[in-house]
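Here are a few short exercises to work through with the model on your screen. Try each task yourself before you read the solution.

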Amino acid sequence: MDAFPTGTRRRTLVAATAASAGALALTACGRGGGGGGDTSDDPGVRPGEELAALADVPVGEPTFARTESGGEAFLYRSDETTVTAYGAACTHRGCAVQPAGDELRCPCHGSVFEAATGEVVSGPATRALPAVRVKIENDRIVAE
Ligand code: FES
């Protein structure tokens, strides 16, 4: 199925951030909060699930989104037609990252990630946030 209409908004990108306007208050530790080491990178976003309306994701502001099935990601619009998405759980021990300007910060041990790319800015996390493949379809941001 061709996900893109023949109009102007037709980009499909992979990334690692995500979400919908509103729910920006992620604070609790997620998966594997106690022990050491890394956690699963699966953000739980299923192909075909809607993450947000394009209009609810401001350009340059990481925006949290939760799917109907409970998948969580941060969405990042670098311009009018480019959206990337990344899992919302820190790759250190799974705490929920939070937006801070153009970064995503983990409240548990201080890791910082670039919102636009999901890459680690500073640890203890050593791995980027997992990319979630998304596309813009009829002004909605949908997982691929
Ligand atoms: S869970 Fe340790 S820095 Fe995020």
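**Exercise 1.** In which strand does Ala53 lie? Find that strand, then work out how exposed Ala53 is and what it touches.

*Solution.* Keep in mind that you're looking at a predicted model. Step one: Ala53 belongs to strand S2, which covers residues 50–53. Step two: count its neighbours. There are 14 C-beta neighbours inside 10 Å of Ala53. The buried class starts at 20 and the exposed class stops at 12, so Ala53 counts as partly exposed. Step three: leave out residues up to four places away in sequence, and you'll find that Ala53 touches Asp139 and Arg140. Step four: try Val142, which sits 89 residues from Ala53 along the chain; the C-alpha atoms of the two are separated by 8.9 Å.

**Exercise 2.** Go to the loop between S10 and S11 and check the phi angles of Asn138 and Asp139.

*Solution.* Start with the background: most residues other than glycine have a negative phi. Now place the loop. Strand S10 spans 132–137 and strand S11 spans 140–143, with Asn138 in the loop between them. Asn138 isn't a glycine, yet its phi is positive, at about 55°. Asp139 is found in the loop between S10 and S11 too, and its phi is also positive, near 65°. Last step, burial: Asn138 has 12 other C-beta atoms within 10 Å, so it is exposed. Asp139 has 11 within 10 Å and is exposed as well. Asp139 is also one of the residues that Ala53 touches.

**Exercise 3.** Put the strands S3, S4 and S5 in sheet order and say how they pair.

*Solution.* First, the order is S3-S4-S5, an open sheet of three strands with antiparallel pairing. The edges are S3 (63–66) and S5 (82–87), since each of them pairs on one side only. From one strand to the next, the twist averages 35°. Next, zoom in on S4, residues 72–79: S4 and S5 pair over six bridges. For a concrete example, pick Phe74 and look across to S5, where its bridge partner is Tyr86.

**Exercise 4.** How many helices and strands does the chain have, and how much of the chain is buried?

*Solution.* Scan along the chain and you'll count zero helices and eleven strands. Then turn to burial: of the 144 residues, 42% are buried. Finally, take the contacts with a separation of 6 or more; residues 24 or more positions apart account for 63% of them.

Terms used: Residues numbered from 1 in each chain as written. Predicted model: local features only at pLDDT ≥ 70, side-chain atom pairs only at ≥ 80, totals over all residues. Helix = DSSP H or I, 4+ residues; strand = E, 2+ residues; numbered from the N terminus. Contact = placed C-beta atoms within 7 Å. Pairing = 2+ DSSP bridges. Axes fitted to C-alpha atoms, helices over the stretch in contact; angles between N-to-C directions.
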